[in-house]
Amino acid sequence: MIPSIQTQLYSTLNNPSGNDFQSDFASRIITAPQVEKIYKALPARISFQTVLQTIVDFNSLTHLEQREAPFAYSRVCEISLNPQGIIIVTIGGLEEDALFLRLDSDTNIVIQEVAL
């Protein structure tokens, strides 16, 4: 469950639309169910407020802005798109407990990569 202090910001996130087809030129969005999964996996030292704000800001960008460069609200969280339009989220930089995630846009899918 998302902490009550962030519920107003969290409420701005969409649920998955169920649309299987996404145009190459459509903005990518991170959904509420994906944020819930990220929250559960977040290391204790990472501020969920910072991560949530970064996600909300990323969702507000146009597709071109999302493609141009990695979007970083702080050193804590970086969001970018790979060439296939998959959302890449890095939380915690190069720390040992950092999260490396791949998200399909407008779904509830979150894949955590494991660094060896």
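## Salt bridges, a core and an asparagine

Searching the whole structure turns up 2 salt bridges, a salt bridge being a side-chain nitrogen of Lys or Arg within 4 Å of a carboxyl oxygen of Asp or Glu. Keep in mind that this is a predicted model, where local features need pLDDT of at least 70, side-chain atom pairs count only at pLDDT 80 or more, and totals for chains, interfaces and linings use all residues. Residues are numbered from 1 along each chain as its sequence is written, and side-chain values use heavy atoms, with hydrogens and water left out.

Here are the two pairs.

| Salt bridge | N to O distance |
|---|---|
| Asp97 and Arg45 | 2.9 Å |
| Glu113 and Arg102 | 2.2 Å |

Take Asp97 and Arg45, whose side chains meet in a salt bridge. This pair links distant parts of the chain, 52 residues apart: Asp97 sits in the loop between S3 and S4, and Arg45 in the loop between H2 and H3. (Helices are DSSP runs of H or I with at least four residues, strands are E runs of at least two, and both are numbered from the N terminus.) Asp97 has 34% relative accessibility, so it counts as partly exposed; Arg45, at 45%, is partly exposed as well. For reference, buried means under 20% relative accessible area, exposed over 50%, and partly exposed in between, using a 1.4 Å probe and protein chains only.

Then there's Glu113 with Arg102, another salt bridge. Glu113 lies in strand S5 (residues 110-113) and Arg102 in strand S4, so the pair ties together parts 11 residues apart in sequence. Glu113 is partly exposed at 33% relative accessible area, and Arg102 is partly exposed at 32%.

Now for the core. The largest nonpolar core (buried Ala, Val, Leu, Ile, Met, Phe, Trp, Tyr and Cys residues joined through side-chain atoms within 4.5 Å) has 25 residues, and Ile30, Val89 and Ile91 have the most contacts inside it. Elements supplying at least two core residues each include helix H2 (32-41), helix H3 (48-59), strand S3 (87-91) and strand S4 (99-103). H3 gives the largest share, 6 residues.

Leaving out residues up to four places away in sequence, Val89 touches Ile30, Cys77, Glu78, Ile79, Leu99, Phe100, Leu101 and Leu103, where contact means heavy atoms within 4.5 Å.

Ile30 also brings in Asn59, a residue of helix H3. The Asn59 side chain reaches the backbone nitrogen of Ile30 at 2.8 Å. With the same sequence neighbours left out, Asn59 touches Leu13, Arg28, Ile29, Ile30 and Gln66.

Definitions and conventions. A polar contact is a pair of N or O atoms within 3.5 Å; within protein, one must be able to donate a hydrogen and the other to accept it, and residues adjacent in sequence count only if both atoms are side-chain atoms.
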